[in-house]
Amino acid sequence: MNQPNLFNQPNGITLSEFNSRIERTLNGDTQLFNQWVIAETSDLRLNRSGHCYTELIEKDARGETVAKMGAAIWAGNYSKLYNKFLKATGQVLATGMKVLVNVSVSYHRLYGMKVVINDIDPSYTMGDMERQRQEILNRLKAEGIIDMNKQLPFPQVPQRIAIISAEGAAGYGDFMNQLLGNPYGLQFYTCLFNAVMQGAQTVPTVLAALDRINAHQELFDCVVIIRGGGATSELNSFDNYDLAANVAQFPLPVIVGIGHERDVTVLDYVAGKRVKTPTAAAEWLILQGTNALAHLNELQDAVVTAVRDTVSQAREHLAYFTSMIPATARRIIDTNRIRLDNNAKNIPVAANGLIANQRTRLNHAVERIGDVIAVAMQRERQRLQALEDKATLLSPDNTLKRGYALVRKGDKCVTAADQVHSGDQITVQFAVGTTDATVN
Amino acid sequence: MEENNEMTYTQAVTELEQLVQKMQDPQCSIDNLSAYTKRCKELLDICRKKLTAADEQLKQVLATIQQS
């Protein structure tokens with residue numbers, strides 16, 4: 001065995017020199033450049049500069065990951081490949097897709113090895129993970145249970161929380177710190193039901209925890225299933241039919257916060273509420289509480305406003321009626337004054353009318369009197385004429401004219417011979433003239 | 001009317017909402033105002049207490065379940 005020589009140059013080379021050899025070796029192999037590779041994407045994400053990073057994985061028939069390689073699509077190429085993939089498949093390039101990619105090896109002495117994706121063949125079908133997930137979802141849909149948990153009503157303020165998580169896990173700690181440290185004084189009552197949150201034990205331990213919660217369901221408002229984020233390939237255990245079916249049909253609403261936004265498992269589809277992280281789950285619960293507190297403040301304000309409004313309305317009513325009294329009195333007086341004035345104005349008109357009326361009647365009467373008098377005069381005139389005629393007929397003149405004579409003795413008419421005696425002086429009157437005579 | 005200490009948050013807040021609605025009605029009589037306001041205050045206290053005051057008994061029960 002060689003002893004290190006403390007005084008001479010060491011027998012090794014520097015790591016950077018060694019890494020440079022790797023770099024040269026890799027760069028010298030043309031088979032490692034522009035090679036089409038079949039793989040599955042996992043934990044695909046974009047950074048702020050627009051570069052896309054993903055894990056390329058390969059699984060065997062039992063679903064165990066047998067190969068893994070970090071990969072990058074540089075920003076300049078990413079938007080082109082993103083659009084090409086979207087246009088061809090109708091889907092966004094994401095985690096859990098089986099892809100055919102053209103890659104070149106890239107080695108950096110500090111950052112190690114990865115592959116750079118130059119191109120993607122979108123005609124290659126979706127990955128096994130996504131297809132399997134789709135199969136589970138289709139089955140849940142077909143059985144009519146996929147939306148059952150989503151349709152459960154959350155209590156107005158979920159305060160009694162059954163938690164399924166791994167004791168001591170960062171995600172659980174984050175959740176508890178966030179929830180119990182809320183600055184609003186909101187009370188939450190938590191109870192942890194321990195489970196393994198990754199690997200093969202995930203499904204049986206989570207199912208067991210759900211069973212225990214079910215036995216105490218009257219003590220809880222909801223269930224929270226949380227774990228910290230991680231590579232998507234580690235979330236595969238949550239894409240499980242039994243687990244999804246159990247959560248979907250669970251009698252309490254379930255909140256799931258088991259990964260990051262880009263990782264969507266079957267559990268996320270069936271849970272009553274899906275959030276990205278344990279912290280977000282706590283934030284959502286706190287938000288329900290602060291909403292409720294805000295609502296109470298609103299109601300309190302509404303009470304104050306309602307009291308103030310009702311009182312001021314009553315006061316306004318009163319003021320209105322008070323102000324109405326003089327106006328009403330004035331209106332009544334005015335109305336009557338107008339009526340009085342109108343009546344006064346009408347007196348001469350009415351009087352004139354009456355007088356004119358009576359005058360007309362009088363004139364008519366006068367006219368009638370004239371008529372009556374004329375008729376009476378006419379009648380009298382005719383009567384007089386008749387009398388005159390008769391008088392004329394009976395007058396002595398007319399008799400005398402016919403040859404008769406009137407004999408008088410003194411002043412008296414002689415109508416019989418024995419009224420005169422011989423020697424009496426008589427007067428004989430003729431129609432024309434008179435003669436004195438002496439009786440023999 | 002429910003016994004105050006047996007009310008749930010939902011029951012209390014529901015009664016509170018109904019009462020506020022009554023008070024906001026223009027037909028609300030000024031004669032009822034005092035009684036309504038008093039009840040609203042009681043309900044607000046119940047609701048706030050449900051949200052922020054600790055129920056030690058419940059904490060104890062849950063601690064027992066978690067340890068089992």
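**Close-up views of a predicted two-chain model**

**View 1. A hairpin in which strand β11 of chain A meets its neighbour β12.** Strand β11 (residues 406–409) of chain A and β12(A) pair in the antiparallel sense, and 2 bridges hold this pairing in the description of the model, which is a predicted one. Within this pair, R408(A) has C413(A) of β12(A) as its bridge partner. The two strands, β11(A) and β12(A), form a hairpin with 2 residues between them, and G410(A), which sits in the turn, has a positive phi of about 60°.

**View 2. The open sheet of chain A to which this hairpin belongs.** On its other pairing, β11(A) is joined by 3 bridges to strand β13 (residues 425–429) of chain A, and these strands run antiparallel. Here R408(A) stands opposite T427(A) in β13(A), while in β12(A) the partner of R408(A) is C413(A). Taken as a whole, the open sheet has 4 strands in the order β12-β11-β13-β14 (chain A), and the pairing is antiparallel. Because β12 (412–413) and β14 (434–438) of chain A stand at the edges with a single partner strand each, one side of each is left without a neighbour in the sheet.

**View 3. The barrel of chain A and the order of its strands.** In this view, 5 strands of chain A close into a barrel in the order β1-β2-β3-β5-β4, with mixed pairing. From one strand to the next, the twist averages 55°. Where in the barrel do strands pair in the parallel sense over 2 bridges? The strands are β3(A) and β5(A), which pair in the parallel sense over 2 bridges, and in this pairing A71(A) stands opposite V115(A) in β5(A).

**View 4. Two antiparallel pairings in the barrel.** Strand β2 (residues 52–59) of chain A pairs with strand β3 (residues 65–73) of chain A in the antiparallel sense over 8 bridges, and T54(A) stands opposite A71(A) in β3(A). Between these two strands the hairpin has 5 residues, among them G63(A), which takes a positive phi near 90°. Strand β4 (residues 98–108) of chain A and strand β5 (residues 112–121) of chain A also pair in the antiparallel sense, here over 9 bridges, with V101(A) standing opposite I120(A) in β5(A).

**View 5. The largest nonpolar core.** The largest nonpolar core holds 47 residues, of which V223(A), V254(A), L267(A) and V270(A) touch the most other members. Strand β8 (residues 222–226) of chain A gives the most to this core, with 5 residues. Such a grouping can be read against a broader tendency, for in soluble globular proteins nonpolar side chains tend to be buried together. When residues up to four places away in sequence are not counted, V270(A) touches L140(A), I146(A), N149(A), A244(A), V247(A) and A248(A).

**View 6. Two helices of chain A, seen through their exposure.** Helix α1 (residues 15–28) of chain A has 14 residues and reaches 20 Å from its first C-alpha to its last, which is close to the 20 Å expected at 1.5 Å a residue. Is this helix largely in the open or largely buried? Of the 14 residues of α1(A), the number buried is 0, so the helix lies largely in the open. Elsewhere in the chain, R131(A) lies in helix α3 (residues 128–142) of chain A. Because 13 other C-beta atoms lie within 10 Å of its own, R131(A) is partly exposed. The C-alpha atoms of R131(A) and G96(A) are separated by 8.9 Å, although the two residues are 35 residues apart along the chain.

**View 7. Chain B and its contact with chain A.** The secondary structure of chain B comes to 3 helices and 0 strands, and from the N terminus on its elements run α-α-α. Buried residues make up 18% of the 68 residues in chain B, and in chain A they make up 25% of its 440 residues. The contact between the chains takes 27 residues from chain B and 24 residues from chain A. On the side of chain B that touches chain A, the elements that give two or more residues are α1 (9–24), α2 (33–52) and α3 (56–67) of chain B. By class, this side of chain B has 18 nonpolar, 5 polar and 4 charged residues.

Definitions and conventions:
Residues numbered from 1 in each chain as written. Chains lettered and ligands numbered in written order. Predicted model: local features only at pLDDT ≥ 70, side-chain atom pairs only at ≥ 80, totals over all residues. Contact = placed C-beta atoms within 7 Å. Nonpolar A, V, L, I, M, F, W, Y, C, P; charged D, E, K, R; others polar. Pairing = 2+ DSSP bridges. Axes fitted to C-alpha atoms, helices over the stretch in contact; angles between N-to-C directions. Buried ≥ 20, exposed ≤ 12 C-beta atoms within 10 Å, placed from the backbone. Core = buried A, V, L, I, M, F, W, Y, C linked by C-beta atoms within 7 Å. Expected span 1.5 Å × (residues − 1).
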